[in-house]
Amino acid sequence: MSTLVKSGTAVLTTLLVVPALLKLFIVTVDEGWAAIRTRNGKPIVRKPTSRSVRTGKGTAGEVVVLHSGSHGAFPLFYWYKLIDVRVRSTDLPARHLTGATGHQHLIHASFEWRPVPSGRDLRVFELDVVNVKERAANIVGAALRDVIHATDGAVLPRNEDVNVMVLSQCAERAQSAGGIEILSVMITGDALTDGYLLSQALRETDRGSAAVAALHALN
């Protein structure tokens, strides 16, 4: 009986106690997430005198971030804030934007983005207090307006070219203003619908001298 009790105790210790103890010292971050180390609700920022900076594993002023995987830690002293860093897509509403020559284009656009939890992008914490997606959409929309406003003629450039131009104008600003990385911008030019094409044709016709003369004749 003594042998059985000792064996049973050893088995229970191996199966239950040891994993429970390990869980106290190991933090697991799922794929697509990042854990920012915090103290008293504030992010821990590397100092010039910290060991990570001295060993070249980090830069002073950066946030301490744990990426996906298991990490040894002691949660009683260090708490973590999980950040969803998965890629997501946002559609912008269809907008009429005016080009350099006064022609109006009906533009559809969407963009892919994700939070940047590392480096000096501390604004990722604003995910809890502001709508970062709305902020990023406003920045992309403003860049889109500037690009279209500088475009001549009634025909837009190729969608691929417009995508690159808008992305180059908004990527850095979105990251500095909201800790958001804009991965891609997808622009669809003038909507090829019968109603839109008919309205454009009528507008072009209304500008003609014959149409103006006909309107004056009615008065």
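# A tour from the three-stranded sheet to the core

Begin by selecting Arg95, whose bridge partner in E8 is Ile107. The model is predicted, so that local features need pLDDT of at least 70 and side-chain atom pairs count only at pLDDT 80 or more, whereas totals for chains, interfaces and linings use all residues. Residues are numbered from 1 along each chain as its sequence is written, and side-chain values use heavy atoms, with hydrogens and water left out.

**The sheet**

Colour the chain by secondary structure, and six helices and nine strands can be picked out; these are DSSP runs, numbered from the N terminus, with at least four residues for a helix (H or I) and at least two for a strand (E). Stay with the pair that holds Arg95 and Ile107: E7 and E8 run antiparallel and are joined by nine bridges, where two strands are said to pair if DSSP finds at least two bridges between them. Follow the chain around the hairpin of E7 and E8, which has five residues between the strands, and stop at Gly102, which takes a positive phi near 90 degrees.

Next add E9, which runs antiparallel to E8 and is joined to that strand by eight bridges. Select Ala109 to find Ile187 of E9 opposite, then Phe111, whose bridge partner in E9 is Val185.

Between these two positions choose Ser110, which belongs to strand E8. Is Ser110 buried or exposed? Ser110 counts as buried because its relative accessible area is 13%, and buried means under 20%, exposed over 50%, and partly exposed in between (1.4 Å probe, protein chains only). Beyond its neighbours within four places in sequence, Ser110 is in contact (heavy atoms within 4.5 Å) with residues including Ser89, Thr90, Leu92, Ser184 and Met186.

Now step back to view the three strands together, which form an open, antiparallel sheet in the order E7-E8-E9. E7 and E9 are the edge strands, each pairing on one side only. From one strand to the next the twist averages 25 degrees. Helix H3 packs on this sheet and touches E7, E8 and E9, its direction making about 35 degrees with that of E7; axes are lines fitted to C-alpha atoms, for helices over the stretch in contact, and angles run from 0 to 180 degrees between N-to-C directions.

**Helix H3**

Select H3 and look along its length: its end C-alpha atoms are 26 Å apart, which agrees with the 26 Å that its 18 residues should span at 1.5 Å a residue, the expected span being 1.5 Å times one less than the number of residues. At its N-terminal end, show Asn131, which caps the helix with a side-chain oxygen 3.2 Å from the backbone nitrogen of Lys133. Then show the buried residues of H3, among them Val132, Ala136, Ile139, Val140, Leu144 and Ile148; E7, E8, H4 and E9 are among the elements that cover the buried residues of this helix.

**The cores**

With H3 still displayed, select the largest nonpolar core, which has 24 residues and in which Phe111, Val140, Leu144, Val166, Cys170, Ile182 and Val185 have the most contacts. Such a core is a set of buried Ala, Val, Leu, Ile, Met, Phe, Trp, Tyr and Cys residues joined through side-chain atoms within 4.5 Å. Two or more of its residues come from each of strand E7 (88-98), strand E8 (104-115), helix H3 (132-149), helix H4 (159-178) and strand E9 (180-188). Which element gives the largest share of this core? The answer is H3, with nine residues.

Centre on Val166 and, leaving aside its neighbours within four places in sequence, find it in contact with Val140, Ala143, Leu144, Val147 and Val185. Another core lies apart from this one, with eight residues that include Ala34, Val65, Val85 and Val124.

**Last stops**

Move to Ile83 in strand E6 (residues 79-84), which counts as buried because its relative accessibility is 2%. Ile83 and Ala34 are 49 residues apart in sequence, but their C-alpha atoms are 5.2 Å apart in space.

Finally, select Val27 in strand E1 (residues 26-29), which counts as buried at 14% relative accessibility. Its C-alpha atom is separated by 9.1 Å from that of Leu66, 39 residues away along the chain. For the chain as a whole, buried residues make up 31% of the 219 residues.

Definitions and conventions: A polar contact is a pair of N or O atoms within 3.5 Å; within protein, one must be able to donate a hydrogen and the other to accept it, and residues adjacent in sequence count only if both atoms are side-chain atoms.
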